[in-house]
Amino acid sequence: MGRRLLVPLTDSTHSWPGLDHALTVFPEADVTVLNVIDPTGAGYGERSGDSESDADTAETAAEELFAAADELAAEYGATLDTAVVEGRPADAITAYADDHDIDAIVMGSRGRSGVSRVLLGSVAGTVVQDSSVPVTVVP
């Protein structure tokens, strides 16, 4: 069995370098792309208040995200596994890695610094701090 990588992915352009890096540097790895749905809606615009509608919207967005990820992977001759979980992003990423025998996490980062990082936090930074497996952060 090859190396198992987890690549968290969102519709943000900042997360995609992580997938590109994983496919380039680890061409033989089994790559799982993870989309985390934050139930608070933070960073995803306004929520409608209709949980069924919000779930449908999140599911559609994840399907579109995974289709784009599959297109990128095809350029490398790779295939991806995909997963969607709900939760606080950093917690969900580290929990998924622990629960699914992941060897390493590769993720993109927005690269905030200074006051904005302190005020807004850093998912990548929290994952690095809390992960039980190695984490590569790609700017």
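This report walks through the parallel sheet of a predicted model, the helices packed on it, and one loop residue beside it.

**The sheet**

Let's start with the overall layout. The sheet is open and has 5 strands, which line up as 3-2-1-4-5 with parallel pairing. At its edges you'll find strand 3 (80-86) and strand 5 (135-138); each has a single partner strand, so one side of each has no neighbour in the sheet. Going from one strand to the next, the twist averages 25°.

Now for the pairings around strand 2. Strand 1 (residues 4-8) and strand 2 (residues 30-37) run parallel and are joined by 5 bridges. On the strand 3 side, strand 2 pairs over 7 bridges, again in the parallel sense. Strand 2 is also mostly covered, with 6 of its 8 residues buried. If you'd like to find these pairings in the viewer, here are some residues to click on.

| Residue | Partner | Strand of the partner |
|---|---|---|
| Leu6 | Thr32 | strand 2 |
| Pro8 | Leu34 | strand 2 |
| Val31 | Leu80 | strand 3 |

As for how the chain gets from strand 1 to strand 2, the route goes through helix 1, and this β-α-β crossover is right-handed.

**Helices on the sheet**

Helix 1 (residues 16-25) packs on the sheet and touches strand 1, strand 2, strand 3, strand 4 and strand 5. The direction of helix 1 makes about 135° with that of strand 4. Helix 3 packs on the sheet too, with strand 1, strand 2, strand 3 and strand 4 as the strands it touches. Here the angle is about 145°, taken between the directions of helix 3 and strand 2.

**Ile102, a loop residue**

Where does Ile102 sit? Look in the loop between helix 3 (89-99) and strand 4 (104-108). Is Ile102 buried or exposed? Its relative accessibility is 5%, and the cut-off for buried is under 20%, so Ile102 counts as buried.

Which residues does Ile102 touch, once neighbours within four places in sequence are left aside? The contacts are Arg4, Leu5, Leu6, Tyr96, Ala97 and Val133. Arg4, Leu5 and Leu6 in that list belong to strand 1, which covers residues 4-8. Tyr96 and Ala97 are also on the list, and they fall within helix 3 (89-99). Arg4 is a nice one to check by eye: Arg4 and Ile102 are 98 residues apart in sequence, yet their C-alpha atoms are 5.2 Å apart in space. Leu6, another of the Ile102 contacts, is the residue that stands opposite Thr32 in strand 2.

Terms used:
Residues are numbered from 1 along each chain as its sequence is written. This is a predicted model: local features need pLDDT of at least 70, side-chain atom pairs count only at pLDDT 80 or more; totals for chains, interfaces and linings use all residues. Side-chain values use heavy atoms; hydrogens and water are left out. Helices (H or I, at least four residues) and strands (E, at least two) are DSSP runs, numbered from the N terminus. Buried means under 20% relative accessible area, exposed over 50%, partly exposed in between (1.4 Å probe, protein chains only). Contact means heavy atoms within 4.5 Å. Two strands pair if DSSP finds at least two bridges between them. Axes are lines fitted to C-alpha atoms, for helices over the stretch in contact, and angles run from 0 to 180 degrees between N-to-C directions. A crossover is right-handed if, with the strands pointing away from the viewer, the path from the first strand over the helix to the second runs clockwise.
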